[in-house]
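Got a moment to poke at some labels? Let's take a structure and ask what earns each description.

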Amino acid sequence: WNPEKDLLAMVTDDSKVLLHRFNWQRLWTISPGKCITSICWSPDGKIVALGTEDGFVLLHDVENGKMLRSIKSHDVAIICLNWAEDEPLSRTDKEDLLSYEDRTTRFFPPAPVMPRIGGLNSGDTGLADENEEAIQAFSSASCQRFNILCTGDKDGCICFSIFGIFPIGKININKVPIHVQSSGKRTSYRLQDVSISKVSLSRNLHQLVLLCSGKLINTDNLSLSNDLSVGVHCLHLDTSIFSNRKNELHQVSQQASSIQDLVEVVRASISMMSKQWSNAMNLFHEKFSALPSLLTAHGMESSSEDEFMSLLFGTHTSPALHQFLVSSLGEAGLKRIAKTIESAGRELRIVVSEHLQ
């Protein structure tokens, strides 16, 4: 269930994700193309997180199901997800918290708008359209309350990430020592062959409770370990480092968000420039592909470049080049090529000056 709205997200056996209202109206269906092994909502109900069999966390927009981010956080199947938001601060807590001035804006401006590819038909998904919503969703990290996404896998590893995208820690439960105090004696244990079933981070971020299956080994006396120690175990871990360092973690994630936005704009701009230029070059090569065959037909051994160089220097025009320029290409074709290349050059200049520079 969505924590904020009347929405239910479901995953089918064939890994389709469906979003329904309470009246059973289906809003959207998506097929991520991966086997989905876990699902949860962000605390504000705007993003649905999916864990996959190959260790990816996929973040999808509640509005249309579009994928906002794909993060590889594990090597094996993610069995459980838990997205915990920090509880609101009381007035006294706010006074105790060190105020931190975010000076990022002094060093680099906010990310420019994503470039759009000109000349796309409606219905075409341009490169810019795919990423723009992702930028808007995550660049508002400074407005979000601090939250942490916990992911647990079948090999006993738990990963933590702020806002679901900035990794800040990883625990392997197979390596965590477990100390038990009973009748005045302290015994040390360790879990083996752990598979995480459930994780839950407290609202104040101080404690993590997890359920896992595995074998409990007495590290002080290995001979005491037996088959009875295999089963489901509940562990209670101290994660107060998250709340104690919350201010710094929040600021770092905000700055990482600014950097990520800029990198995304650069990536989209370069991809778009590459697409623009390759379209222009494709048209150029398509129109000029007839010339080499004409040269061969006239029994000439020179290349297309040689013919144009000799034309440029005003020495002579071969019969093959003359036929190509007059009959095959024509004045209209030449104007169209010139216009296409000039347009591509202009688009490239715009992207450089408005988005990259």
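Below are some questions and answers on this model, which is a predicted one.

Q: Why is Phe288 called buried?
A: Buried means under 20% relative accessible area. Phe288 comes out at 15%, so it counts as buried.

Q: And what makes Phe308 partly exposed?
A: That label covers values between the 20% and 50% cut-offs. Phe308 has 26% relative accessibility, so partly exposed is the right call.

Q: Why is the pair of Phe288 and Phe308 called tilted?
A: Ring centres have to lie within 6.5 Å to pair, and planes under 30 degrees apart would be stacked, over 60 edge-to-face. Here the centres are 5.7 Å apart with 55 degrees between the planes, which leaves tilted. The pair also links distant parts of the chain: Phe288 is in helix H5 and Phe308 in helix H7, 20 residues apart.

Q: What makes Phe288 and Phe324 an aromatic pair?
A: The limit is 6.5 Å between centres, and these two rings sit at 5.3 Å. Their planes are 50 degrees apart, so this pair is tilted under the rule that puts edge-to-face over 60. Since Phe288 lies in helix H5 and Phe324 in helix H8, the pair ties together parts that are 36 residues apart in sequence. Both of these residues are buried.

Q: Which residues do ring pairs link into a cluster?
A: Phe284, Phe288, Phe308 and Phe324.

Q: How do you know that the charged end of Lys34 is over the ring of Phe56?
A: The distance part asks for NZ within 6 Å of the ring centre, and Lys34 is 4.2 Å from the centre of the Phe56 ring.

Q: How do you know that His74 is buried?
A: With the cut-off at under 20%, His74 has 1% relative accessibility and therefore counts as buried. You'll find His74 in the loop between strands E7 and E8.

Q: What makes the link from His74 to Thr151 a polar contact?
A: The distance limit is 3.5 Å, and the two side chains make their contact at 2.6 Å. Thr151 itself belongs to a set of E9 residues pointing one way, along with Asn147, Leu149 and Asp153.

Q: Why is strand E9 described as mostly covered?
A: Seven of its seven residues are buried. Ile148, Cys150 and Gly152 point the other way from the Thr151 set, and both sets are buried.

Q: What makes E8 and E9 a strand pair?
A: At least two bridges are needed, and seven join these antiparallel strands. One partnership is Trp83 with Leu149.

Key. Residues are numbered from 1 along each chain as its sequence is written. This is a predicted model: local features need pLDDT of at least 70, side-chain atom pairs count only at pLDDT 80 or more; totals for chains, interfaces and linings use all residues. Side-chain values use heavy atoms; hydrogens and water are left out. Rings of Phe, Tyr and Trp (its six-membered ring) pair if their centres lie within 6.5 Å; planes under 30 degrees apart count as stacked, over 60 as edge-to-face and the rest as tilted. Helices (H or I, at least four residues) and strands (E, at least two) are DSSP runs, numbered from the N terminus. Buried means under 20% relative accessible area, exposed over 50%, partly exposed in between (1.4 Å probe, protein chains only). A charge sits over a ring if NZ of Lys or CZ of Arg is within 6 Å of the ring centre and within 35 degrees of the ring normal. A polar contact is a pair of N or O atoms within 3.5 Å; within protein, one must be able to donate a hydrogen and the other to accept it, and residues adjacent in sequence count only if both atoms are side-chain atoms.
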